[in-house]
Amino acid sequence: QVQLVESGGGSVQAGGSLRLSCEASGYTWTRDCVGWFRQVPGKEREGVARIFTGTGDTYYADSVKGRFTISRDNAENTVYLHMNSLKAEDTAMYYCAADLRRGVPCGDAYSGSDFRNWGQGTRVTVSS
């Protein structure tokens, strides 16, 4: 299975920015759906953004629209999550996910159960 490695998490003040990275080790993304999810203890995992690496089509949760941008660098096998205007409620463990279940369009892959491969997560803490 392809290993997904996230990086870029950290602690910032509200209003600040971070860029998360998700690299696929030993694999070249061509026509893949890659998603970012986040989770805080005691709450369900929440989909944040997805990108289809073949076309660059992107999809966002309402809670992050206008603040977060997902992008890909196919040459680097890396998907990024650019997070701006961070809020305290963005504090969570952020996970990269790939390997979409057969038959699920990337645009409809709202649930974490739609993905079969996950990274180890990177923590984001936003202080107000």
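**Strands, pockets and salt bridges**

Student: Over how many bridges do strand β3 and strand β8 pair?
Tutor: β3 covers residues 18-25 and β8 residues 78-83, and they run in the antiparallel sense. Strands here are DSSP runs of E with at least two residues, numbered from the N terminus, and two of them pair if DSSP finds at least two bridges between them. One place to look is R19, which stands opposite H82 in β8. Between β3 and β8, the count of bridges is six.

Student: What kind of model is this?
Tutor: Residues are numbered from 1 along each chain as its sequence is written, and side-chain values use heavy atoms, with hydrogens and water left out. Local features need pLDDT of at least 70, side-chain atom pairs count only at pLDDT 80 or more, and totals for chains, interfaces and linings use all residues, since the model is predicted.

Student: Which strands stand at the edges of the open sheet of four strands?
Tutor: Follow the order, which is β1-β3-β8-β7 with antiparallel pairing. Each edge strand has a single partner, so one side of each is left without a neighbour in the sheet. The edges are taken by β1 (3-7) and β7 (68-73).

Student: By what angle are neighbouring strands of this sheet turned against each other on average?
Tutor: Axes are lines fitted to C-alpha atoms, and angles run from 0 to 180 degrees between N-to-C directions. For this sheet, direction is ignored, and the average turn between neighbouring strands is 15°.

Student: Which residues are the bridge partners of G35 in β5 and β9?
Tutor: G35 makes a nice landmark, as β4 pairs antiparallel with strand β5 (residues 46-52) over six bridges and with β9 over five. β4 and β5 form a hairpin with six residues between them, where G42 in the turn has a positive phi of about 85°. The bridge partner of G35 in β5 is R50, and in β9 the partner is A97.

Student: How many of the seven residues of β4 are buried?
Tutor: Buried means under 20% relative accessible area, exposed means over 50%, and partly exposed lies in between (1.4 Å probe, protein chains only). β4 is largely enclosed by the rest of the structure, because its buried residues number six.

Student: How far apart are the closest N and O atoms of R38 and D90?
Tutor: This salt bridge (a side-chain nitrogen of Lys or Arg within 4 Å of a carboxyl oxygen of Asp or Glu) is one of five in the structure. R38 forms it with D90, the closest N and O atoms being 2.9 Å apart. The pair joins distant parts of the chain, with R38 in strand β4 (residues 33-39) and D90 in the loop between β8 and β9, 52 residues apart. R38 is buried at 6% relative accessibility and D90 is buried at 0%, and their N-to-O distance is 2.9 Å.

Student: Which residues are linked in a network of salt bridges?
Tutor: D90 also forms a salt bridge with R67, the closest N and O atoms being 2.7 Å apart. R67 lies in the loop between β6 (58-60) and β7, so this pair ties together parts that are 23 residues apart in sequence. Both R67 and D90 are buried. The linked residues are R38, E46, R67 and D90.

Student: Is D62, the salt-bridge partner of K65, buried or exposed?
Tutor: The closest N and O atoms of K65 and D62 are 3.2 Å apart. With a relative accessible area of 65%, D62 is exposed.

Student: Which residues lie nearest the centre of the largest pocket?
Tutor: A pocket is an open set of points on a 1 Å grid over the protein atoms alone, where a 1.4 Å probe fits, with protein on both sides within 12 Å along at least five of seven lines; lining residues have an atom within 4 Å of a point. This one holds about 190 Å³, the space filled by probe spheres set on the points. Strand β9 (residues 92-100) gives the largest share of the lining, three residues. Of 14 lining residues, those nearest the centre are Y27, D32, A98, D99 and L100.

Student: How many charged residues are in the lining of the second largest pocket?
Tutor: Its volume is about 160 Å³, and R38, V40, E46, E89 and T91 are the closest to its centre among 14 lining residues. Asp, Glu, Lys and Arg count as charged, Ala, Val, Leu, Ile, Met, Phe, Trp, Tyr, Cys and Pro as nonpolar, and the others, Gly among them, as polar. The largest pocket has nine nonpolar, two polar and three charged lining residues. In the second largest pocket, three are nonpolar, three are polar, and the charged residues number eight.
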